[in-house]
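Trainee: I should be grateful for a close look at the salt bridges in this model. Please take the pairs one by one and then set them against the rest of the structure.

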Amino acid sequence: MTDRLSELSAAGVAIWLDDLSRTRLSTGGLDQLRREKQLVGVTSNPTIFAKALSDADEYNWQLKDLAIRGVDVEESVRMLTTYDVRWACDVMRPAYDASAGVDGRVSIEVDPRLAHESEKTVAEAGALWWLIDRPNLFIKIPATEAGLPAITATLAQGISVNVTLIFGLDRYSQVMEAFLAGLEQAKANGHDLSKIGSVASFFVSRVDTEVDKRLEKIGSDAAKALRGKAAVANARLAYERYGKVFSSDRWQALADAGAHPQRPLWASTSTKNPDYRDVIYVEELIAPGTVNTMPESVIHAYADHGETRSDTITGAYDEARKVFTDLESVGVDMSDVIATLEREGVEKFEASWLELLDGVRKSLTAAAKGTGAPNKAAKSSAQAAEQAGGNA
């Protein structure tokens, strides 16, 4: 059989999983994907954690301990999520070592309620960094206006950053500027640049969802003919900007000091419209030096029927620009699309964070009263800590 995932990896695409849960860790599922499916990284977000904590009783022993100690809800969430990410970092450590620190990364996001507060974001990033204490960690910081200086300041401290919620080209250029400035400051501060990693998470499918909705409302044949084209065009033009920045003299000076480039990461790559090919946001965004973070279902779909071409981006810049011109001609305001997506992205993660807090609050109350559901595995704290490599 054709090993499609190996072909994708050979084409320069790092395959990451957009999911994390304690069940996935405790059953060995994450390690199996690393060993068998070319997996070299993991991303998480508040929505993923909210689902993980609501679906499994693997957390009950820890919730019971937290309740007995009287730990408040927000600190309990921090303990629960950092435990999982620390464990995942250990699982992915072989990929980190094999790639000299480029891959094998696991991401955890700062509290999304801080998206518009630079100083608090930097403080939160630092706290997560020393609490998890793994070299293959990424701290996720949203690419809001307040997030940009926070990205620079965090990198300047030698902390690796996954910049998330990037939707537009201009904001992406600002993200790369923040990255370069951060590494320059890190170098001045005496940090080893070869130890600092970064990716820029450029969201894909949500762009088509929003643009297609507007095209349907416009309703003309010309508008409907553009459905399903905006997201790939947007990402391709982002890669064009990436190529220009990371071939500059400014970047070369940092590379000579040991720095790794900030790779573009294609996020939100599951197909939301069932009329579209289920692996379209993988097949159409293949190029060297990229990351594609996928739900497990998309990884398996690509392994089954994905088609790998050597490069589906760099030869399509003019085609992508024409898509943008055509969208404008039918009345789609892409600047408004991008502003809407950024605002909604932050709001969705805030809502998921509040859902997570509420779920943990209820679980702590139940544990304190002794009414929590028993853990299926009946783990003690010590047993669970041993399974996680002593990282309780």
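Mentor: In this predicted model, Arg24 and Glu296 form a salt bridge in which the closest N and O atoms are 2.8 Å apart. The pair links distant parts of the chain, with Arg24 in helix H2 (residues 22-26) and Glu296 in helix H15 (residues 296-305), 272 residues apart. The two partners fall into separate exposure classes: Arg24 has a relative accessible area of 13% and therefore counts as buried, since the limit for that class is under 20%. Glu296, at 26% relative accessibility, is partly exposed.

A second pair joins two strands. Lys140 and Glu109 meet through their side chains in a salt bridge, at 3.9 Å from N to O. Because Lys140 belongs to strand S4 (residues 137-142) and Glu109 to strand S3 (residues 105-109), this pair ties together parts that are 31 residues apart in sequence. Here Lys140 is buried, with a relative accessible area of 5%, and Glu109 is likewise buried, at 5% relative accessibility. The N to O value of 3.9 Å still satisfies the rule, because a salt bridge requires the side-chain nitrogen to lie within 4 Å of the carboxyl oxygen.

The third pair brings two helices together. The side chains of Arg214 and Asp336 meet in a salt bridge of 2.8 Å, N to O. Arg214 lies in helix H10 (residues 205-218) and Asp336 in helix H17 (residues 334-369), so the parts tied together are 122 residues apart in sequence. Asp336 counts as partly exposed, at 35% relative accessibility. This pair also belongs to a wider arrangement: Glu210, Lys213, Arg214 and Asp336 are linked in a network of salt bridges. As background, side chains of opposite charge can pair when their charged atoms come close. Over the whole model, the count comes to 31 salt bridges.

The confidence of the prediction should be read alongside these pairs. The protein averages a pLDDT of 93, and 94% of the residues score at least 70. Over residues 373-392, however, the pLDDT is below 50; this stretch has 36 contacts in the model beyond near neighbours in sequence.

Two backbone positions also merit attention. Most residues other than glycine have a negative phi. Ala100, although not a glycine, has a positive phi of about 55°. Ala100 is placed in the loop between helix H6 (73-98) and S3, the strand that holds Glu109. With a relative accessible area of 59%, Ala100 is exposed. Leu165 likewise shows a positive phi, near 60°, in a residue other than glycine. Leu165, however, sits in strand S5 (residues 161-166) and is buried, at a relative accessible area of 3%.

Finally, there is the internal space. A search of the whole structure finds 1 cavity of 30 Å³ or more, and the largest cavity has a volume of about 60 Å³. Its lining consists of Gly101, Val102, Phe138, Gly197, Ser198, Val199, His260, Pro261 and Arg263. By class, that lining holds 4 nonpolar, 4 polar and 1 charged residues.

Methods:
Residues are numbered from 1 along each chain as its sequence is written. This is a predicted model: local features need pLDDT of at least 70, side-chain atom pairs count only at pLDDT 80 or more; totals for chains, interfaces and linings use all residues. Side-chain values use heavy atoms; hydrogens and water are left out. On a 1 Å grid over the protein atoms alone, a cavity is a set of points where a 1.4 Å probe fits but cannot get out, and a pocket is an open set with protein on both sides within 12 Å along at least five of seven lines; lining residues have an atom within 4 Å of a point. Grid points are joined across faces, edges and corners, and a volume is the space filled by probe spheres set on the points. Ala, Val, Leu, Ile, Met, Phe, Trp, Tyr, Cys and Pro count as nonpolar, Asp, Glu, Lys and Arg as charged, and the others, Gly among them, as polar. Helices (H or I, at least four residues) and strands (E, at least two) are DSSP runs, numbered from the N terminus. Buried means under 20% relative accessible area, exposed over 50%, partly exposed in between (1.4 Å probe, protein chains only). pLDDT is the predictor's confidence in each residue, from 0 to 100. Contact means heavy atoms within 4.5 Å.
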